[in-house]
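Me: I have some questions about how certain labels are assigned in this model. Please take me through the reasoning.

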Amino acid sequence: MNCKKEHENNKKISKKSIVVLILVVTVIAVLGIVLYSIDKSGTVPADKKNSDVETIKVGDKNYKPKKSIETYLFMGVDSKDKITKKMEEPGQCDMLMLLVRDTSDDSFITLPINRNTITNVDTLDDNGKVLATTPVQIALAHANGDGKELSCQNTVKAVSKLLGGHEIDNYIAVNMGAIPTINHLVGGVTVKIEDDFSKSDASLKKGEKVHLTDEQAEHYIHDRINVGKGLNDSRMRRQSTYVNALKPIMKEKIKADGKFANTIYESINDYMVTNIDKGRFAKIAMLLANDKDSGEIKITGKEDLDELGWEEFKPDENSVKDAITQLFYKQCD
């Protein structure tokens, strides 16, 4: 099968500085910098649904689309505030994780996404109209919106673009202010402290195993600048560690109490924006509690600082292809 080439020209954007935006976009457009390109040996063309493509060839192997999948994007938003009618400062996404559930074999696979990943993101006006589309940190997709549905939809669109145009149907965005509540619901989780938290929370001692209190959990998951070298890569590792420790506890509680999923939804509802209602949320939680966990995929790439001193993560194109293949395709028999 012939697959279309997809080229995305990177142009740096800053919503807070339109002058810098125009200069950077113009310079990079002229240089024609390409972040990544998916060629004939790789994956599905952008903006195509799985059902539109019969097979693809990766290396010497043939793959076909997974026909029965459900996609869920989880966002951890850098805000401690509850969701209000008008959000003055939409937060950035400090945590992004895509979950793809395969209903044909009751399994799921997850993909953490680095918040500094450079990909095409839409800048929106107050009414949601697209003003520009430029390569920036994917975390900014949520900040380009209303802090609610528009922000979530813009982030969903950015993640879809990163993953070759594959559709993402469901989203759950939770402000980081809900971390203590979530941790409290499960009675805390135990993790090994691998970073220096002396400037953030001295009770989190490097090298020790700690059963996190609600306050400690917030520092462990959210803090970055005053922890170790202040790198997002380290925070992503901690977030994965926490989630992996949290999952089995959540599963057991949901299996033991059919109403526990409703309790979760109601407890964090003031901090959450989602297109999933409480009844469906409970059903999905029960299904995931019984599904096979097929593990976590990681996109590799290059960490660097841009010309303005911001962190950026440029994903390796082959790693993106591999992730797309594992998420949305299965090897042909």
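**Labels and their reasons**

Reply: In this predicted model, D106 is partly exposed, with a relative accessible area of 40%.

Me: Why is D106 called partly exposed?

Reply: Buried means under 20% relative accessible area and exposed means over 50%. D106 has 40%, so D106 is partly exposed.

Me: Where is D106 found, and what is its phi?

Reply: D106 sits in the loop between β6 (93-102) and β7. Its phi is positive, about 50°, although D106 is not a glycine.

Me: Why are α5 and α6 called oblique to each other?

Reply: The axes of α5 (residues 214-222) and α6 (residues 232-256) cross at roughly 135° and come within 7 Å. Roughly perpendicular covers 65 to 115 degrees, and roughly antiparallel needs over 145. The angle of roughly 135° fits neither class, so the two helices are oblique.

Me: How do you know which residues of α5 and α6 meet?

Reply: Contact means heavy atoms within 4.5 Å. On that basis A217, Y220, I221 and H222 in α5 meet R235, R238, Q239, T241 and Y242 in α6. By class, this contact has four nonpolar, three polar and two charged residues.

Me: What makes up the lining of the second largest pocket?

Reply: This pocket holds about 290 Å³ of space. It is lined by 17 residues, of which P112, D233, M236, K298 and I299 are the closest to its centre. β7 (107-113), α6 and β15 (301-305) each give two or more residues to the lining. The largest share, four residues, comes from α6. By class, the lining has seven nonpolar, five polar and five charged residues.

Notes: Residues numbered from 1 in each chain as written. Predicted model: local features only at pLDDT ≥ 70, side-chain atom pairs only at ≥ 80, totals over all residues. Heavy atoms only, no water. Axes fitted to C-alpha atoms, helices over the stretch in contact; angles between N-to-C directions. Parallel < 35°, antiparallel > 145°, perpendicular 65-115°, else oblique. Nonpolar A, V, L, I, M, F, W, Y, C, P; charged D, E, K, R; others polar. 1 Å grid on protein atoms, 1.4 Å probe; cavity = no way out; pocket = protein on both sides within 12 Å on 5 of 7 lines; lining within 4 Å. Points joined across faces, edges and corners; volume = space filled by probe spheres on them. Buried < 20%, exposed > 50% of the residue type's maximum accessible area, 1.4 Å probe, protein only.
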